[in-house]
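Here are a few short exercises to work through with the structure open beside you. Try each task before you read its solution.

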Amino acid sequence: MSTMENHVSDSKWFNVQSVPQSHAFSIEDRPGNDPIPACKTIPIIDLANLKTSERIDTLQQIIKAGEEFGFFQVINHGLPNDVMNGAMEVLKELFDMPAGEVCKEADTDGWVYMGSTSHDINGVHLWRDNIKHQCHPLELCMQFWPQKPSRYREVVASYIVEIRTLSSRILELICEGLGLEKGHLEAMSQVQFLTASNYPPCPNPGLTLGLLKHVDHSLITILFQGDTEGLQVLKDGHWIGVDLVPEAFVVNIGSQIEIISNGKLKSAEHRVVTNPNSARTTIATFINPLPHCIIEPAKCLVNESNPPLYNSMSFQEFVDASKAFGPHTDALQNGVFHFLKK
Ligand code: OGA
Ligand code: NI
């Protein structure tokens, strides 16, 4: 490493020998040092051959995974390797740039680089840098995206176009698996929102978190977790690690599909832990409804013996309600869901 590069990384907030107080979570939130066993149980679903008789089998696997875990991984998903790896490389380059070069705030239509300043309601900082931006409509959003690295816009746009195709296929399978009218979910999946995260190596992972326990408010989220583990899912009160499956995408059911499916599919709580050895870069794409879209249990899934479990409200109302409770997940679970549930 050259002296110049050393100088750049030395100036980064995370280049420390021990975890600063500002980044150490309370005993109840911190992951601690007990090892979380590798989990071979989150289903890995093969999306090849969807036109054949295996289709029924595939959609049953997706529904079962959504019921049991709220999470699954997909392989043979059709996204070209060079598009996935190209997006990952350009994001790693972006996170390697000196903070001042990327650190720029924009309005909600634009993009925001939050650096290490993102924190939970108790003011403890997450062990991550991240960038968030809107991706819909692509042509209008791209002007707000980072200009450096110079190929960022082109490479990330190709990735988003492919993710859009993949998410439509997955939503169609969920739709069919739930017995909803064809296009029901696709029609409301208008918006894509990208959050890429960089979780630097951490001197004491037992004290820190890359992301606090939370649920995603999307319809579904499609995550490329790169080459390093760190994502954990809460299942029956225990944390389980999401295995690294090369070139796979991790898909999770967001709270909007939990509501639409009247609680059949679960939006599982998850968090990100850090590790002492290597930085982890991930790309999450949230597939969301438009703000005015009404979210409610699908009519065909409710009847007298199966009453709706959730109130109907627009996606915007949902988001506003969740903001009122703050970003802390316990508040989300106990607050917003309680508020939403009939
Ligand atoms: C998220 C998320 C997981 C990860 O951004 O909501 O859960 O591994 N990300 O980065
Ligand atoms: Ni998430």
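## Exercise 1: The metal site

Along the sequence, the residues that donate to the nickel ion (ligand 2) follow the spacing H-x1-D-x53-H. Keep in mind that this is a predicted model.

**Task.** Find which protein atoms are the donors of the nickel ion (ligand 2), and decide whether histidine 214 and aspartate 216 are buried or exposed.

**Solution.**
- Step 1. Start from the metal: its protein donors are NE2 of His214, OD of Asp216 and NE2 of His270, at 2.1 to 2.2 Å.
- Step 2. Recall the cut-off: a residue is buried when its relative accessible area is under 20%.
- Step 3. Apply it to the histidine: histidine 214 has 15% relative accessibility, so it counts as buried.
- Step 4. Do the same for the aspartate: with a relative accessible area of 5%, aspartate 216 is buried too.

## Exercise 2: The shell around ligand 1

**Task.** Work out which side chains place a polar atom by an oxygen atom of ligand 1, and how much of the ligand's accessible area the protein covers.

**Solution.**
- Step 1. List the surroundings: Tyr199, Leu211, His214, Asp216, Leu223, Leu231, His270, Val272, Arg280, Thr282, Ala284 and Phe286 surround ligand 1.
- Step 2. Sort these residues by character, which gives 7 nonpolar, 3 polar and 2 charged.
- Step 3. Look for the polar pairs. Histidine 214 has a polar side-chain atom 3.0 Å from an oxygen atom of ligand 1, and arginine 280 has one at 3.0 Å from a ligand oxygen. For threonine 282, a side-chain N or O atom is 2.7 Å from an oxygen of ligand 1.
- Step 4. Turn to coverage: on its own, ligand 1 has 290 Å² of accessible area, and the protein covers 94% of that.
- Step 5. Trace the shell back to the fold. Strands E6 (211-214), E11 (270-272) and E12 (280-288) are the elements that give two or more residues to it, and E12 provides the largest share, with 4 residues.

## Exercise 3: Behind the aspartate

**Task.** Which side chains make polar contacts with the side chain of threonine 221?

**Solution.**
- Step 1. Locate the residue: threonine 221 belongs to strand E7, residues 220-224.
- Step 2. Check its exposure: its relative accessible area is 2%, so threonine 221 is buried.
- Step 3. Find the partners. The threonine 221 side chain makes a polar contact of 2.8 Å with that of aspartate 216, and another of 2.8 Å with the side chain of serine 218.
- Step 4. Link this to the metal: aspartate 216 is one of the donors of the nickel ion (ligand 2).
- Step 5. Widen the view beyond four places in sequence: threonine 221 is in contact with residues including Val250, Asn252, Ala284 and Phe286.

## Exercise 4: A loop residue

**Task.** Is isoleucine 42 buried or exposed, and what is it in contact with beyond four places in sequence?

**Solution.**
- Step 1. Place it: isoleucine 42 sits in the loop joining helix H1 (3-10) to strand E1 (44-46).
- Step 2. Compare its 7% relative accessibility with the cut-off of 20%; isoleucine 42 is therefore buried.
- Step 3. Name the partners: Phe69, Phe71, Phe72, Val233, Ile240 and Val242.
- Step 4. Set this against the whole chain, where 53% of the 342 residues are buried. Of the chain's contacts with a separation of 6 or more, 78% are between residues 24 or more positions apart.

Note on methods:
Residues numbered from 1 in each chain as written. Chains lettered and ligands numbered in written order. Predicted model: local features only at pLDDT ≥ 70, side-chain atom pairs only at ≥ 80, totals over all residues. Heavy atoms only, no water. Near = heavy atom within 4 Å. Polar contact = N/O pair within 3.5 Å; in protein donor to acceptor, adjacent residues only side chain to side chain. Areas by Shrake-Rupley, 256 points an atom, 1.4 Å probe, with all protein chains shown as cover. Nonpolar A, V, L, I, M, F, W, Y, C, P; charged D, E, K, R; others polar. Buried < 20%, exposed > 50% of the residue type's maximum accessible area, 1.4 Å probe, protein only. Contact = heavy atoms within 4.5 Å. Donors = N, O, S within 2.8 Å, 3.2 Å for Na, K, Ca; no water.
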